[in-house]
Amino acid sequence: MIQNLPWLFLVLPLLVAAIDWVVFHKCPKTAATLSILSALGTFALCVAYLSGWQTGTPDVYTWMPMASGTLSLHLGLTMDALAMRMMLVVTGIGLLVHIFSLGYMKGDSSNLSRYFAGLSIFMFSMSTIVLADNLAMTFIGWEMVGFSSYLLIGHWFHKASAADAAKKAFITNRVGDFGFLLGILLTLGVFGTLTFADMGTAVAGVTPCLLTVTVICLFCGAIGKSAQFPLHVWLPDAMEGPTPVSALIHAATMVAAGVYMMVRLQISMGTGAFTETACMVIATVGAITAVMAAIIATQQDDIKRVLAYSTLSQLGYMVMAVGLLAGEAAMFHLYTHAWFKALLFLGAGAVIVCCHHEQDIWKMGGLARRMPVTVLCFLMGTFALIAVPGFSGFFSKEAILDAAIVNHPAFFWIGAGVAAITTFYMTRLCLVAFFGSARAHGAEEAREASPTMLLPLLLLAVMAIISGYGFVADYLVPAEGFSAPGFHIGFTFYVSLGALVLGLLAAIAVYGFGKRSSDPLGNNFIATALRKRLYIDALYDKVLVGGLQQCGAHIIEFIDSALIRGLLVQGLAWLVGRVGILLSWIQCGSLRAYSCVAGLGILIIIVLIAL
Amino acid sequence: MTIPLAHYLIFSGILFSIGLAGVLIRRNILVVFMCLEMMLSAANISLVAFSRAQGTEGIPVYDAQVLSLFIVAIAAAEVSIGLALIVAMFRARRTVDSSALNTLKD
Amino acid sequence: MFESAICQIIFYVFAALAALCAIGVVAFRNPVASAMNMALSFGFTAAILFGMGAQFMGIVQLIVYAGAILVLFLFIVMMLDVKAEEHSGLMPMVVGVVVASVFAGIVTHVALHLPGAGDNACPVLTACENIDALAVTDEPKAETPAAKPTGFGGSLPQLNSTAANLAANPGMSPEAAAAATGYPDVKLLGKTLFTQYNIAFVILSFALLSGTVGAVALARKIRKD
């Protein structure tokens, strides 16, 4: 009985989501309390399990028995260090976001029960992905996560942009999921099993070509969920949702699911299964995403969009690390990134709330004096992100760069370049938003955030600073037997320090300390292109969406007019009419004709019988 | 040597075919009816021939002849009914032309 | 032998005449002429029946067909004052002739290819065996040719009046039977009819009765009120 306690990770949030939605539809306070309690409960359970309170494998349930026992679908939990520590990140950040949401959503007119039910169902789905012991279950969580993301992005569905963003996120994810599903089926066909634990043995003897295809197909899922190029377009738009949602789902946990899944596959299949081609594809996609997103981020004005693109860029880093077979480094960065990116988003959320829901950084300014604690926390997150030595992001970025320089120097230089650009745009953000003088009415009236918002910020700020050190990381990084690399001065260190200094100096040179009221780089065609997100969204809109719609319209038009109306309705009527006219001579009513037919019939019968 | 069974059967078949042709060709419903009777009597001939062919010790099998006797009786009943119908039809439509009997068409 | 040769000639002549008269029934446009032709055709048919030794059936043919039925036809023809019918196109004619000749061809083919048609003997085979032999089956016929039923299409067996007399009169001595002249066709037919088929005969009489009643009911004038 007690060994089945981990199922609570899944059951508790799901139950709470259902209760929130069905029972406490009209009492948001109760619903919120329940959700927070469930997050707290799962977090506590997670801590208990990590501290070795209880071991033992939970039961595996057969979900869909099939004819041969090997192929049936199971529901089972993986309880290894990777999963449990990932659970800690998910439930920890989830808990903080739940608490932060109380402050952030105060006074919001929308239905808070729905919001917290969405958060809980997200916790359920994310836990399913993390704890799943087979790909089928992962896929269930995968889709559920997409669904809850849809719910939460579209929380303010009366806002057209939010509704559109929700749709965009869902549909874009579907594209990747298609590949993922193909990958799962390929896995089933090639390996004969979907269970992670059995993959290691099953991988032997599979041809590299098949392996490559399988891994790339599975990677398609990661492309969608982790918002990699070319399916990255949904993530910046997803910022239309409430900021805590952005922090939890679209920065810290859900988008990391792709990376987690790839690392999980790498561990269970063994790195040998990731052929050179597959690795190259993965690393290249990651590198392209990292570079592109970083460049676009330099010209975004919306504070959340800057953070969104930085998330994209960092996810690109992680995916690159996966492609370089440095799954441990990827998980390390995922873990540090989760803390500091959650911090950044929650900090941005606090800023936004305090500026009366103003998101444009050019309409802020001088916030450092008005809300010092929030800004300080935000700065801690920034330092972690731009890899100031000593902060958590520094260590994990070093780990990735180290892996890159060993495996593929080209990716090392790409990573270093992205680091410089990251420093540039984050410094720009901080300089413009927090220093100088207020440039808008909202910023003038900004006051320190409320305690429910500050508490998570402070906790996360602490984590952003310390989580990279061995005394924390060794216990918390989602990787088996992880040990933090710590400081070591070497080539990588100099390069990343150079990138940091370069980015800092460039940003300070261009933007000063908040004295400017508009972007000095913003008046050329490159900036315009960057503001328009390199026209990728427009391209998708025009070519893919428009084209598909046109195509669909034509097909529907064709089906409607030609097939249904023309062929089925009119065609059938015509056919019946023709046949009727054709056959009407039979119904001539003439006795002799009838007897003729009868005679012919007799003849036929006689011929059949007698001859 | 007597006449083989086949010849009786062929004669019966020819008579039947002529009747059939009459039924198909003629428009006067009375004549059509006559041809029907001819077809019945043609069937009788083959039945009697079979009764002879099946016979043992020079005695025909009389079951077949009984059957043909029944056919004659039924034919008589049929003629009485059929002619009554024709009379009734003639009263209603003033014609015995079968091609005029095409009310089924409408 | 002479007698049987006469019999054969008579059969073929009468058969040809009967067929000719039957063609006349179809060909003449005047219904009265058709009716007269039919009377002749029935007469010749009756003659053939006599030749086959089925005297009772021949008599019945004459009385019922050529007598009663034909007279009924003539009555109706005259009562209705039917005129000669006009030509009815080429198409029905062709169709009728083709159907009829195909049918006649099939019958001839079947008759000439009856099992044992080539033999002169017409051995006794049970009806079941004959039906088996005639039936079309998808399976190949029995392997050995010996299993093939022989003789159904051969000559009709001669009538044996001695055996017939013995069968007709149970108490008769064989000498008397051998001495008896004439063939007891009616007696034997009656015996079959009134023993084996007695119930069917009674039911048939009901059929005739209902036919009579039906004819009266159909032909009576329907009052307008």
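Me: How many residues of chain B are in contact with chain C, and how many residues of chain C are in contact with chain B?
Reply: Happy to start there, and please keep in mind that this is a predicted model. The contact has two sides, one from each chain: chain B brings 67 residues, and chain C brings 83.

Me: Which helix gives the most to the side of chain B that touches chain C?
Reply: Helices H1 (5–25), H2 (29–54) and H3 (62–93) of chain B are the elements that give two or more residues to that side. The one that gives the most does so with 22 residues, and that helix is H3(B).

Me: How do the residues of the side of chain B that touches chain C divide by class?
Reply: Let's go from charged to nonpolar. Seven residues on this side of chain B are charged and 16 are polar. The nonpolar residues number 44.

Me: What pattern does chain B follow along the sequence?
Reply: Chain B has three helices and zero strands. Read in order along the sequence, chain B therefore gives the pattern α-α-α.

Me: What percentage of the residues of chain B count as buried?
Reply: A residue is called buried here if 20 or more other C-beta atoms lie within 10 Å of its own. Chain B has 106 residues, and the buried share is 66%.

Me: Why does the distance between the end C-alpha atoms of H3(B) agree with the expected span?
Reply: H3(B) has 32 residues, and at 1.5 Å a residue it should span 46 Å. The expected span agrees with the model because the end C-alpha atoms of H3(B) are apart by 45 Å.

Me: Which residue just after H3(B) takes a positive phi?
Reply: Look just past the end of that helix in chain B. The phi there is about 55°, and the residue is B:Arg94.

Me: Are H10(A) and H13(A) roughly parallel or roughly antiparallel?
Reply: Helix H10 (residues 243–252) and helix H13 (residues 303–323) of chain A pack with their axes 11 Å apart, at an angle of about 10°. Angles under 35 degrees count as roughly parallel. H10(A) and H13(A) are therefore roughly parallel.

Me: Which residues of H13(A) meet H10(A)?
Reply: From H10(A) come A:Thr243, A:Ser246, A:His250 and A:Ala251. By class, the contact of the two helices has three nonpolar, four polar and one charged residue. The partners in H13(A) are A:Lys304, A:Leu307, A:Ala308 and A:Thr311.

Me: How many nonpolar residues has the side of chain C that touches chain A?
Reply: This contact takes nine residues from chain A and eight from chain C. The chain C side has no polar and no charged residues, and its nonpolar residues number eight.

Notes. Residues numbered from 1 in each chain as written. Chains lettered and ligands numbered in written order. Predicted model: local features only at pLDDT ≥ 70, side-chain atom pairs only at ≥ 80, totals over all residues. Contact = placed C-beta atoms within 7 Å. Helix = DSSP H or I, 4+ residues; strand = E, 2+ residues; numbered from the N terminus. Nonpolar A, V, L, I, M, F, W, Y, C, P; charged D, E, K, R; others polar. Buried ≥ 20, exposed ≤ 12 C-beta atoms within 10 Å, placed from the backbone. Expected span 1.5 Å × (residues − 1). Axes fitted to C-alpha atoms, helices over the stretch in contact; angles between N-to-C directions. Parallel < 35°, antiparallel > 145°, perpendicular 65-115°, else oblique.
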